[in-house]
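Good morning, and thank you for joining. I would ask you to have the sequence and the coordinates open as I speak.

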Amino acid sequence: MLFNSQEYFLRYSAFTIATQALRGHRGWQPAWRDAAPAPAYDVVIIGGGGHGLATAFYLAKHHKPGRIAVLEKGWLGNGSIGRNTTIIRSNYLLPGNLPFYELSMKLWEGLEQEVNYNAMVSQRGVYNLYHSDAQRDSYARRGNAMRLHGIDAELLDRDALRQQIPYLAYDNARFPIQGALLQKRGGTVRHDAVAWGYARAADRLGVDIIQNCEVTAIRQEHGKAIGVETTRGYIGAKKLGVAVAGASSLVAAMAGLRLPIESHALQAFVSEALKPLVHSVITFGAGHFYISQSDKGGLVFGGDIDGYNSYAARGNLPTIEDVCEGGMAMLPAIGRARLVRHWGGIMDMTMDGSPIIDKTPVENLFLNAGWCYGGFKATPASGFCFAHLIARGTPHDVAAAYRLDRFAEGKLIDEKGSGAQPNLH
Ligand SMILES: Cc1cc2nc3c(=O)[nH]c(=O)nc-3n(C[C@H](O)[C@H](O)[C@H](O)COP(=O)(O)OP(=O)(O)OC[C@H]3O[C@@H](n4cnc5c(N)ncnc54)[C@H](O)[C@@H]3O)c2cc1C
C-alpha cells in the first residue's frame, strides 16, 4: 500500500474519528504494515527507534533512494524513544550544536502536520535555574549565543521567575535560586507517539518496517558493507545506516569498528497523578534534576546517568537518592508525592557529550550515534541530516561538526567544557 494523499490526510481527521465512533471503532486499520523482509533493499536502517524511523521517513520523503527497510530487533518504542523524559529544547551554546538543535525545534513545530499524527507537542517553556553570580553569567552567555542565532532566550531574575513559578525553594540555604534562563519554545512531546507517527508516515511512503528482526552481523566484501545477517535471514543492502542508540558499540563492532562511546544507564521517574502544578519544564542548576508534569498528571523527572558502563536497562539506588535530593532541594512539595513508576534506558555516551552523524571507514556504512541523554529532542533533525548524508554522501550543513574523527583530530564539541568523561556531560 503506497502513498495515497487523500487516505493519508483524512485518516485521522475529525470526520474519520466521528465516522469510526458511529461504527463502534471497528474500521481502523493497523497504523503500519507488518512487512516481511525482502531479499535486498537500496537502503537498510538498523534500529527502529526515533532516529531510525525519522531517517527512513525523511529519506523516503525527500530523497527517494529506492526501496528502504527499517530493521528493529524488538518492537517499535522498546528503546530510549519510549523511555525518555520527553524534553525538547534548543538552548545550546556552541556553534556546532546551535543550528542543529534549532533545526530540530523547527521540525518539531511542524511535525504533527507533516506526519499527520498527534504527538502532543507542547511548547510549555524550559526554565534552567541559576544559583550563583557565576552561573548567571554563564547562562547570560548561552542566552546571548542563542539570540545571535535567532533562537528565543530570556534571562529572568529572581523576582521575575518567582512571579511565574512561585512554589520553588527560593531561600534554600545551600542552593538559593537567583533566577533562570528561559526558552519559551522548549517543552515536551509525547515520546512513543513520535515513533508511531514517523513509522506510520514512513510506511505510507513505502518503507518496510520489520520488527522482531535483530541484526547479528554485517557482511562486507572488499571493504564495502553489502548486507546484514539477521534473525530473519540475510538481507542485502546497497547502503546501511546504523541508528541503534545504546547498542551503537555492539553493532559497530559487527563491522570491526571501535567507537569513542561508553554505554550507561539513565533512570526516569513518574509520580502519582496530581492536579496541575508544574506548568513547564524546570531544571535544577545546582545538581542534575529536571521535571515536568504529564497531561495525565504524573510528575515526570530524572537526573544523572548511573555512571558505570552497563547494558542493563535499569538503575541503582544511589542515583535514585541523588535525583530525589535534587528534587527536594528545588521543589520540596515533591516529597509529598508518591512515586508510582521508574525505569531505565541505555545511553550511548560520547567523550564530549555531542553526537556522531558520519560515514564510517567501511564504505556504504553510515553511523548515527552518541546521543547521550539529549537524543530525544534531536530526533527530527537527526533523521533529517542522517537521511541527507546517506542519500548524498556529504554531511548536511548543520550536522557537519558531528564527525567520527573529531576525537582523534581534537575538534571536540564539549558544551560544558567539562572534559572527556561521560558522567560530566
Ligand atoms: C530515562 C531517559 C530519559 C531521557 N530523557 C531525555 C529527554 O528528556 N530529552 C532528550 O532529548 N533525550 C532524552 N533521553 C535520550 C533519548 O531518549 C535518546 O538519546 C534517544 O531516544 C536515542 O535515539 P533512538 O530513539 O533512536 O533510540 P532507541 O529508541 O533506543 O532506538 C534504537 C533501537 O535500535 C534497536 N536495536 C539495537 N540493536 C539492534 C540490532 N542489533 N538489530 C536491530 N535493532 C537493534 C533497539 O531495539 C532500539 O529500538 C532520555 C533517555 C532515557 C533512557
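Let me begin with one residue, Glu112, which sits in helix 4. Please bear in mind that this is a predicted model. Which residues does Glu112 contact, once its neighbours within four places in sequence are left aside? They are Tyr117, Asn118, Ala119, Met120 and Val121. Glu112 can also be placed relative to Val194: the two are 82 residues apart along the chain, and their C-alpha atoms are separated by 9.1 Å.

Val194 leads us to the nonpolar interior. The largest nonpolar core has 61 residues, and those touching the most other members are Leu53, Tyr58, Phe100, Val194, Tyr198, Val207 and Ile357. At least two residues of this core come from each of strand 1 (40-46), helix 3 (50-63), strand 2 (68-71), helix 4 (98-115), helix 5 (133-148), helix 7 (191-204) and helix 10 (379-392). Which element supplies the largest share? That is helix 4, with nine residues.

Ile357 deserves a closer look. Beyond its neighbours within four places in sequence, Ile357 is in contact with Phe100, Leu367, Trp371, Ser382, Cys385, Phe386, Leu389, Ala399 and Tyr402. Another core, of 31 residues, lies apart from the largest one; Val215, Ala225, Val251 and Ala255 are among its members.

I turn now to two loop residues with unusual backbone signs to discuss. Asn212 belongs to the loop between strand 8 (208-210) and strand 9 (215-221). Its phi is positive, about 55 degrees, although Asn212 is not a glycine. Is Asn212 buried or exposed? Its relative accessibility is 52%, so Asn212 counts as exposed. His222 lies in the loop between strand 9 and strand 10 (224-230). Here too phi is positive in a residue other than glycine, with a value near 50 degrees. With a relative accessibility of 81%, His222 counts as exposed.

Finally, the chain as a whole. It contains eleven helices and 18 strands. The radius of gyration is 22 Å, close to the 22 Å that the globule rule gives for 425 residues, so the chain is as compact as a globular protein of that length. Along the principal axes, the C-alpha atoms fill a box of roughly 65 × 60 × 40 Å. Of the 425 residues, 55% count as buried. Among contacts between residues at least 6 apart in sequence, 74% join residues at least 24 apart. As for charge, there are 43 positive and 38 negative side chains, and the centres of the two sets lie 5 Å apart.

Note on methods:
Residues are numbered from 1 along each chain as its sequence is written. This is a predicted model: local features need pLDDT of at least 70, side-chain atom pairs count only at pLDDT 80 or more; totals for chains, interfaces and linings use all residues. Side-chain values use heavy atoms; hydrogens and water are left out. Helices (H or I, at least four residues) and strands (E, at least two) are DSSP runs, numbered from the N terminus. The radius of gyration is taken over C-alpha atoms; the globule rule is 2.2 Å times the number of residues to the power 0.38. Buried means under 20% relative accessible area, exposed over 50%, partly exposed in between (1.4 Å probe, protein chains only). Contact means heavy atoms within 4.5 Å. Lys and Arg count as positive and Asp and Glu as negative; His and the chain ends are not counted. The place of a charge is taken as NZ of Lys, CZ of Arg, CG of Asp or CD of Glu. A nonpolar core is a set of buried Ala, Val, Leu, Ile, Met, Phe, Trp, Tyr and Cys residues joined through side-chain atoms within 4.5 Å.
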